[in-house]
Each structure stands twice: as structure tokens, then as C-alpha cells.
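Reader: I have a structure to look at and do not know how to read it. Where should I begin?

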Amino acid sequence: DNMPAAGFKTELAPPPEGGFTLMYFPIQARGLGPALVAEYSGLPWNSGIPNSSLIDAWKRSLKQGGESPMGKLPLLELDGVRVSQMVAVMNCIAKKVGPALEGETSQQYAVSQMLLIEGDDLLREAVKAQKGDRAEYDEFWDTALPAHLVRLEAMLGGAPGVPNAARGSWTSGTSVGELNLFASLQQLVQVKGSVLDATPRLKTFHSRIASDPRTKKVLAGKSALGSMRQYFTSRL
């Protein structure tokens, strides 16, 4: 099961000067959003992996050995502090960068935070459905997911004070909320390519971020985290 041998010790590669280290398993799941935020930050970063042949053993040891707060991945090391929990990881990187990732106004910040949690909710429900029986799986794809997407479509259609709706954006265009929502939508699209067809503005949003060279780099496995495989597959 690729667990480390007795005495296996995790030794993190240090963050690059002026940058940070971001660690996660080689799957998308809750690592794709942070990977996108890392790449969009413009800061130097690495994966902290000292030996790629031991990646699975090393990261399991990291979770179980107390080196990650609360035993969680992803794990961020930034300015001498280790941070776990996906939302905290993305927000800490955003705090370091500023308005491009946090949002350019207090309203954009608030909307970004809503989208950040919404993206996580979508992923949680998708994984829950994948692990459930056929009725639960169908209920998610046929009822729960379309309801989520309709609400997002309505927001993108012109919420008060959201000036970028016409170009497929709620906030700065690259906020942590938008990037994490894209990460969840991307994983849904990889299961069912037509999932956004009934929500054209949301599809525009997804296409805009998908076409960005930074996104393409992460999805192609060329970022510091390398290849990230799909976490769940289609049962449709």
C-alpha cells in the first residue's frame, strides 16, 4: 500500500526564496483549486517533494506524523508557517498576493469567499454521490447539481455591484473563489461534458478560465505539483 518503512522521515524541500511550498497527493480533488491559486499567484513555488519515487509514502507519512496541522493535505508552507485545510491554504496565498486573488473591493472579497465555499460544496456532494448508491448518484446529477448551477447562473447574470458579469466573472476574474469554483466545475465537466450546457453564462466563465495559459499548465501536469488525475469517474 506504499506506506513508509519503519523510521521513514519526511523532510520537506524548502520553499523557494520569496515563495512557498504547496503539497498534495497527485489527484485533483481538493488539490486542483490550490494548485491554480499557486500558479496564478505569480510567486515562485515548489511541491516540497524530496523524492518523487516515494511520493505516496511520503505524503501519507506527512499526514500521520503530526507535521501537518490537523493531519490534513493540502499543506502550505509560507513565510515560515505551515497551514493546512484547503480554504485556509488558498486564502493565505491570496493574502500574500493581494487584490488579484482576494478581490479588488470588499464586495468582491465577500463574493469570492462565497464562491470558494460553493466550489467546495459542489465537490463534496459529487464525491458523496460517487460513493452512494445509484439513486443518490442520480439525484445529485439530475436534481441537486442543476439547482446549484441555476443559482450560480443567476448570480453571474448581474448581481448588484458585480460589473464583470458580461465577461464571465464575478470578481477580479482571478479570485480564489472563482479559481476554486472552476476547479470543481472542471472535475464535473470531466465526468459529464454537457453539464454546463443549460447555463451559458456559467459555461462562459468556465471557458474563460480554462483557456488561460496558467490553467492549461496546471491541467497539463506541468506545474510544480505535476500530474493530477481525476478523483472520481462517471457512472452515468
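Author: Keep in mind that this is a predicted model. Aromatic rings are a practical place to begin, and a search of the whole structure finds 4 aromatic pairs.

Reader: How is a pair of aromatic rings described?

Author: Two values describe a pair of aromatic rings: the distance of the centres and the angle of the planes. Take F20 and W45, whose rings are 6.2 Å apart from centre to centre, with 15 degrees between the planes. Planes under 30 degrees apart count as stacked, and F20 and W45 form a stacked pair.

Reader: Which parts of the chain does that pair link?

Author: The pair links distant parts of the chain, since F20 and W45 are 25 residues apart. F20 is in strand β1, residues 20–23, and W45 is in strand β2, residues 45–46.

Reader: Are F20 and W45 buried or exposed?

Author: Both F20 and W45 are buried.

Reader: What kind of pair do F140 and W141 form?

Author: The angle decides the kind, and planes over 60 degrees apart count as edge-to-face. The planes of F140 and W141 stand at 85 degrees, with the ring centres 5.4 Å apart, so this pair is edge-to-face. F140 and W141 are both buried. Together with Y137, these two residues make up one aromatic cluster.

Reader: Why does F205 count as buried?

Author: Buried means under 20% relative accessible area. F205 counts as buried because its relative accessibility is 0%. F205 lies in helix α8, which covers residues 200–210.

Reader: How far apart are F205 and E178 in space?

Author: Sequence and space are two separate scales. In sequence F205 and E178 are 27 residues apart, while in space their C-alpha atoms are 8.8 Å apart.

Reader: Now the strands. In what order do the strands of the sheet lie?

Author: The order in a sheet is read from strand to strand across it. Here an open sheet of 4 strands has the order β2-β1-β3-β4, and its pairing is mixed. The edge strands are β2 and β4 (81–84), each of which pairs on one side only.

Reader: In what sense do β1 and β2 pair?

Author: β1 and β2 pair in the parallel sense, over 2 bridges. In this sheet F20 stands opposite W45 in β2, and these are the two residues of the stacked pair.

Reader: Which strands does helix α1 touch?

Author: Helix α1, residues 32–41, packs on the sheet and touches β1 and β2. The direction of α1 makes about 160 degrees with that of β1.

Reader: That leaves the empty space. How much space lies in the largest pocket?

Author: The largest pocket holds about 390 Å³ of space. Its lining has 17 residues, and the closest to the centre are Y24, R30, K72, L73 and P74. The elements that give two or more residues to this lining are α3 (86–97) and α5 (106–131). The largest share, 4 residues, comes from α5.

Reader: How many cavities of 30 Å³ or more are there?

Author: A cavity differs from a pocket in that a probe fits inside but cannot get out. The count is 1 cavity of 30 Å³ or more. The largest cavity has a volume of about 40 Å³. Of the 14 residues in its lining, A29, M86, L123, N180 and S184 are the closest to the centre.

Reader: Which helix gives the most to the lining of the largest cavity?

Author: That is α7, with 4 residues. At least two residues of this lining come from each of α1, α5 and α7 (176–191).

Notes
Residues are numbered from 1 along each chain as its sequence is written. This is a predicted model: local features need pLDDT of at least 70, side-chain atom pairs count only at pLDDT 80 or more; totals for chains, interfaces and linings use all residues. Side-chain values use heavy atoms; hydrogens and water are left out. Rings of Phe, Tyr and Trp (its six-membered ring) pair if their centres lie within 6.5 Å; planes under 30 degrees apart count as stacked, over 60 as edge-to-face and the rest as tilted. Buried means under 20% relative accessible area, exposed over 50%, partly exposed in between (1.4 Å probe, protein chains only). Two strands pair if DSSP finds at least two bridges between them. Contact means heavy atoms within 4.5 Å. Axes are lines fitted to C-alpha atoms, for helices over the stretch in contact, and angles run from 0 to 180 degrees between N-to-C directions. On a 1 Å grid over the protein atoms alone, a cavity is a set of points where a 1.4 Å probe fits but cannot get out, and a pocket is an open set with protein on both sides within 12 Å along at least five of seven lines; lining residues have an atom within 4 Å of a point. Grid points are joined across faces, edges and corners, and a volume is the space filled by probe spheres set on the points.
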